[in-house]
Amino acid sequence: MITKSKYTFLIKDKDKFLVYNSFKNDFWEVNHETFEFIQDLNISDEKVFNDAEERALFDKLKSQSIVGSEQDDETLLDELRAKYLTSSFSKERLLLTIAPTISCNLRCPYCFEGNKPSGIMDKATCDKLIEFIKYHKFAKSLQISWFGGEPTLCPQQIDYILDKILTEEGMPKLVYQDIVTNGTRLTGEVLELFEKYSFNMIQITLDGWRTSHDTKRVYPNGKGTFEEIMENLDFFMKKFPEVNISIRVNIDKVNKDDFMKIFHFFKENYPTKHNLNIYPGILKNCGSFNGGTKFLCNSEISEMYTNMAKEGIMVSYPKHHICGCGANHLSCYVIGPKGELYKCWQDVGIKDQEIGNIYEKKIFNQKVLGRYLLHGANMTDTTCLKCPILPICDSNCANDRLMNLYHGADKELCCAYKENDYSLLKERLLGVYHQIQEQAKHTPS
Amino acid sequence: MKKEKFQLQQIVKGNDLSQDLLAMITGGFAQGSTEDGCIIFTCQDLTTCAHCPKDTACSENLLCPSKK
């Protein structure tokens, strides 16, 4: 039968009729007649249309994948999977998340690093890391995320590694690097790194406004870090205006209202800072180290985004997310301070999750590697493959999926778009529609 | 002028996934890639784990100022 594609969503809002297709990520405005035509279509033969207008409409809708047979939808799905697999097994791009230490100067109660072993990457391991990068002969480009622990505890190691990457023969081209830091150590040697090397982005996390933040992001003596981070951030933004800043505001049930306060603070105090990105980071339960955090469920996340839209914060159009998480990709590693290789940074410090070591240049845990590569992505999950929002699903945590599959966990794998019969998706699309209408009013014809 | 019975106006055009695939196979730029052709993996803004270093790298987050 030929019907509305499973990737097509029909949205009616008062006298407006909208059609969205998640496979194409296209968005259409139609009239009532077209809307009903799509909604009611249920034919077995394309030749049933005698009316020229109906025929033309059908041809147009079919060419845009808005309508089609079950087999047509299967073909679209194959296309998605082909793209995912091409990306997943590419060897041209080497993606490294390097944790030069998993020690941290703070003691956030929910931190997934928990009581994992500490230590700092030594010179021999830094040298082995350089060898390891060179060993990837097919890699043309290199992308690095500095992570931890707190990576700014190790400016000398970062300096040493970057210097080698940029000066030694036989290295892939470093095309991107960022650093994830708590923002408390943006001084001295750490700032020198930013003077010496090009960083695309720095991510700093806040745990809400002052009161909330200072109960969680604390030094071992319990002292809060909000003021210090805000001062460092202000200084950093002025000194390095070209570096993209991403402020992640960790959100749970308790502090979810702080996000708006922080958002407005930065927008009012740094109105011309266009490479400043403030976004809510939804805390998820990453194991036993939750420190009493009250995590938001999907319906609450959906409600939060709806409220943000009502407050006038622009809601973005859905994006295709075909390639998935780095953990599902062959040429993507997380490297621990002793040269351990992992697929996911949540695994750092967990012996059973090590897939190898840069000293040995071999994979000795094919079980874990195989699970991430072959079972970690939504594109390999038979339930997800049936989902009408698979092409735009922005929840694709390989670690969560494998925890469910192999360790009896019950982690939420679906994205918030799906909640309540796709209400968030429809609201977001309506928000985009109204923004486009507003823009059109102010655009000279 | 006669008004057409069926009206259909595209207001947002998404990506052409077929072209992306060809670009990936041939080594060109693909959807979600930087100008250097390096794909940045994104866990994205809605349900990503805390601290994920990848989730902001694409500058495609909900509140990205470049989208305003």
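In which helix of chain A is A:I158 found? A:I158 is found in helix α5 of chain A.

This is a predicted model, in which local features need pLDDT of at least 70 and side-chain atom pairs count only at pLDDT 80 or more, while totals for chains, interfaces and linings use all residues. Residues are numbered from 1 along each chain as its sequence is written, chains are lettered from A and ligands numbered from 1 in the order in which they are written, and side-chain values use heavy atoms, with hydrogens and water left out.

**View 1. Surroundings of A:I158 in helix α5 of chain A.** Helices are DSSP runs of H or I with at least four residues, strands are DSSP runs of E with at least two, and both are numbered from the N terminus. A:I158 has 1% relative accessibility and therefore counts as buried; buried means under 20% relative accessible area, exposed over 50%, and partly exposed in between (1.4 Å probe, protein chains only). With neighbours within four places in sequence left aside, A:I158 is in contact with A:P100, A:W146, A:P151, A:I179 and A:L193, where contact means heavy atoms within 4.5 Å. One of these partners, A:W146, is twelve residues from A:I158 in sequence, and their C-alpha atoms are 8.3 Å apart.

**View 2. Confidence along chain A.** The pLDDT is the predictor's confidence in each residue, from 0 to 100. Chain A has a mean pLDDT of 88, with 93% of its residues at 70 or more. Among the elements of chain A, helix α5 (residues 155–167) has the highest mean pLDDT (98) and helix α10 (residues 298–310) the lowest (72). The pLDDT is below 50 over residues 286–290 of chain A, a stretch that has 15 contacts in the model beyond near neighbours in sequence.

**View 3. The open sheet β5-β1-β6 of chain A.** Three strands pair in the antiparallel sense in this sheet; two strands pair if DSSP finds at least two bridges between them. β5 (42–43) and β6 (67–69) of chain A are the edge strands, each pairing on one side only. Strand β1 (residues 2–4) of chain A is joined to β6(A) by three bridges. Opposite A:K4 stands A:V67 in β6(A).

**View 4. Strand β11 of chain A and its parallel partners.** Strand β11 (residues 244–251) of chain A has seven of its eight residues buried, so the rest of the structure largely encloses this strand. Strand β10 (residues 201–206) of chain A runs parallel to β11(A) and is joined to it by six bridges. Seven bridges link β11(A) with strand β12 (residues 276–282) of chain A, also in the parallel sense. A:R248 in β11(A) stands opposite A:T205, and A:R248 also stands opposite A:Y279 in β12(A).

**View 5. The salt bridge of A:D207 and A:R217.** A salt bridge is a side-chain nitrogen of Lys or Arg within 4 Å of a carboxyl oxygen of Asp or Glu, and by this rule there are 18 over all chains. In the pair A:D207 and A:R217, the N to O distance is 2.9 Å. A:D207 lies in the loop between β10 and α7 (210–216) of chain A and A:R217 in the loop between α7 and α8 (226–239) of chain A, so the pair ties together parts that are ten residues apart in sequence. A:D207 is buried, with a relative accessible area of 0%, and A:R217 is buried at 3%.

**View 6. The salt bridge of A:E354 and A:K351.** The closest N and O atoms of this pair are 3.2 Å apart. A:E354 is buried, with a relative accessible area of 6%, whereas A:K351 counts as exposed at 63% relative accessibility.

**View 7. Helix α13 of chain A and the salt bridge of A:R401 and A:D381.** Helix α13 (residues 398–407) of chain A has the buried residues A:A398, A:N399, A:D400, A:R401 and A:L402. Their cover includes α11 and α12 (382–385) of chain A. The side chains of A:R401 and A:D381 form a salt bridge (2.7 Å, N to O). A:R401 lies in helix α13 and A:D381 in the loop between α11 and α12 of chain A, so the pair ties together parts that are 20 residues apart in sequence. Both A:R401 and A:D381 are buried. After α13(A) comes A:G408, which has a positive phi near 70°.
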